[in-house]
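Colleague: I am new to this structure and would like a close look at a single part, the place where the two domains meet. Please take me through it slowly, and then outward to the charged pairs elsewhere in the chain.

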Amino acid sequence: MLLLYTMKSRKFARRMKYVTMSDVSELLKWMTPDMISFGGGIPDPITFPDEADFNEMLTFLKGVKDKAFQYGKTEGLDELRVSLSKFSQKHSIVTDPENIIITTGSQQVLDLTAKIFINKNDFVAVELPTYMVALQVFNMFKPKYIGIPLDFEGMRTDILEEKLRKLYSDGVSLKLLYTMPTSQNPAGISMSIERRKHLLELASKYDFIILEDDPYGYITFEGDEPIRLKSMDKEGRVIYTSTFSKILGPGLRIGWIIAEENIIKQYVRIKQITDICTSPLTQYIAYYTLENGIVDKKIPIIKRFYREKRDAMLNALEKYMSNSATWSKPIGGLFIFVWLNNNIDTRAILPDVIKKYKVAYLPGDSFYVIDVRNTMRLNFSYPSINQIEEGIKRLSMAIMSYSAQEQVVN
Ligand SMILES: *Cc1c(COP(=O)(O)O)cnc(C)c1O
């Protein structure tokens with residue numbers, strides 16, 4: 001291609017400096033067929049609609065084509081908002097359709113939330129570790145982060161309380177707290193009910209807003225679904241978001257928000273100038289799958305399927321890595337997080353691990369707002385059960401060899 005004009009980097013807005021690329025796309029470049037990757041974050045195609053459901057769905061879409069191919073309301077299709085309010089009710093959140101808006105995935109909710117709430121130097125609290133992509137979005141608006149550690153009962157709300165006390169005695173306040181209470185990404189950890197209650201008490205006492213990101217609450221593997229923060233929220237402080245990405249397919253790009261009316265209004269204002277509306281065509285597909293029981297039919301299948309894969313990975317970790325690491329035991333979601341016993345820099349060794357051992361993971365450091373190097377995120381939703389067993393074996397060999405080197409160095 002002939003370049004008539006080469007853009008000088010000084011032409012780009014300053015905020016572009018704060019936009020970092022995802023590790024995942026870097027990883028994909030190194031993929032070879034004999035490699036086992038735990039690096040991705042994508043659902044298994046088993047979650048997608050079955051072929052048998054397609055013909056009727058297409059007939060339905062033909063019937064609504066004049067609306068499906070037209071611009072829609074910024075809030076989203078009324079039909080879909082009504083079905084989502086019914087769906088939410090079955091999953092413990094009671095809401096009017098007016099309190100729901102449809103978004104272009106939960107990713108858009110992160111973007112819009114940052115635009116609505118975050119001024120430069122505002123304090124934003126996140127989990128340690130938290131969803132890397134949320135940090136990437138928030139970073140553009142230059143907040144100050146407060147990292148709250150997790151243990152196996154989720155966010156340490158006692159530490160949050162301490163930090164809040166200190167902040168407020170310094171005369172500053174927390175604006176927003178971002179949390180994934182159930183099977184959070186990357187650590188797969190869920191917050192206990194006591195901690196959930198405590199968090200809401202703190203939000204009330206210290207007057208901050210909570211963004212509850214819940215892509216995995218509908219696909220938990222054991223027991224009842226944990227109660228959502230939104231369903232315990234008496235003051236309208238919780239902005240809830242979920243998505244069709246993990247219960248049907250990320251290609252739809254359909255997510256939703258549940259929030260109080262005055263908050264919803266702000267989202268509608270900002271969404272209108274961002275993308276006018278989410279595709280009515282895919283909203284109709286989402287609507288059809290909800291109304292015709294396709295999502296309800298899929299959920300138990302997804303749960304069973306992922307539970308098997310999770311168990312395979314937990315068993316393999318137990319078998320091969322119990323001397324070199326500890327890991328989360330997720331009740332849902334797509335990931336297990338691993339903390340290595342030795343102080344190995346998982347990012348530094350990754351290219352070598354891929355080359356020599358033909359296995360990949362996502363280094364954990366990009367999920368932290370502090371410096372932590374000896375962690376990794378492992379995805380179990382996409383690889384097969386055989387690949388999981390073989391991949392963990394390879395990973396354990398890699399870690400063993402680097403642990404030996406580490407000991408020599410020390
Ligand atoms: C997968 C995931 C999402 C989904 O994003 P979409 O834009 O709806 O595809 C949101 N948040 C977290 C933490 C996720 O893991």
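Modeller: What follows starts with the two domains and their contact, then turns to the core, the salt bridges and two loop residues.

This is a predicted model, in which local features need pLDDT of at least 70 and side-chain atom pairs count only at pLDDT 80 or more, while totals for chains, interfaces and linings use all residues. Residues are numbered from 1 along each chain as its sequence is written, and side-chain values use heavy atoms, with hydrogens and water left out.

The chain is divided into domain 1 (9-48 + 299-404) and domain 2 (70-295); such bounds come from an automatic or database domain assignment. Taken over C-alpha atoms, the centres of domain 1 and domain 2 are 24 Å apart. The contact between them (heavy atoms within 4.5 Å) takes 35 residues from domain 1 and 38 residues from domain 2.

The size of an interface is often given as the accessible area lost when the parts come together. Here domain 1 and domain 2 bury about 3100 Å² between them, with 68% of it on carbon and sulfur atoms. Buried area is the accessible area (1.4 Å probe) that two parts lose on being put together, summed over both.

Polar pairs are also found at this interface. The rule finds 10 residue pairs in polar contact across it, both residues at pLDDT 80 or more. A polar contact is a pair of N or O atoms within 3.5 Å; within protein, one must be able to donate a hydrogen and the other to accept it, and residues adjacent in sequence count only if both atoms are side-chain atoms. On the side of domain 1 that touches domain 2, helix H12 and strand S11 (335-340) each supply at least two residues. H12 gives the most to that side, with 6 residues. Helices (H or I, at least four residues) and strands (E, at least two) are DSSP runs, numbered from the N terminus.

The same part can be viewed through the nonpolar core. A nonpolar core is a set of buried Ala, Val, Leu, Ile, Met, Phe, Trp, Tyr and Cys residues joined through side-chain atoms within 4.5 Å. Buried means under 20% relative accessible area, exposed over 50%, and partly exposed in between (1.4 Å probe, protein chains only). The largest core has 68 residues, and those with the most contacts inside it are Leu80, Phe244, Trp256, Leu378 and Ile392. Helix H12 (residues 294-321) provides the largest share of this core, 11 residues. Because domain 1 and domain 2 both give residues to this core, it lies between them. Leu378 touches, among others more than four places away in sequence, Phe38, Met313, Leu317, Tyr361 and Ile392. A second, separate core has 32 residues, including Ile148, Met191, Ala203 and Leu362.

Next come the charged pairs. Side chains of opposite charge can pair when their charged atoms come close. A salt bridge is a side-chain nitrogen of Lys or Arg within 4 Å of a carboxyl oxygen of Asp or Glu. By this rule the count comes to 31 salt bridges, and 1 salt bridge is found across the interface of domain 1 and domain 2. Arg310 and Glu222 meet in a salt bridge through their side chains (3.1 Å, N to O).

Lys67 and Glu79 form another salt bridge, at 3.7 Å from N to O. Lys67 lies in helix H3 (residues 65-68) and Glu79 in helix H4 (residues 78-90), so this pair ties together parts that are 12 residues apart in sequence. Lys67 is partly exposed at 49% relative accessibility, and Glu79 is partly exposed at 26%.

In the salt bridge of Asp275 with Lys271, the closest N and O atoms are 3.0 Å apart. Both residues lie in helix H10 (residues 261-275), 4 residues apart, about one turn of the helix. Asp275 is partly exposed at 25%, whereas Lys271 is buried at 0%.

Two loop residues complete the account. Thr130 lies in the loop between strand S3 (123-128) and helix H6 (132-139) and is buried, with a relative accessible area of 1%. Pro143 sits in the loop between H6 and strand S4 (144-151) and is buried at 12%. Pro143 and Ala125 are 18 residues apart in sequence and 9.7 Å apart in space, C-alpha to C-alpha.
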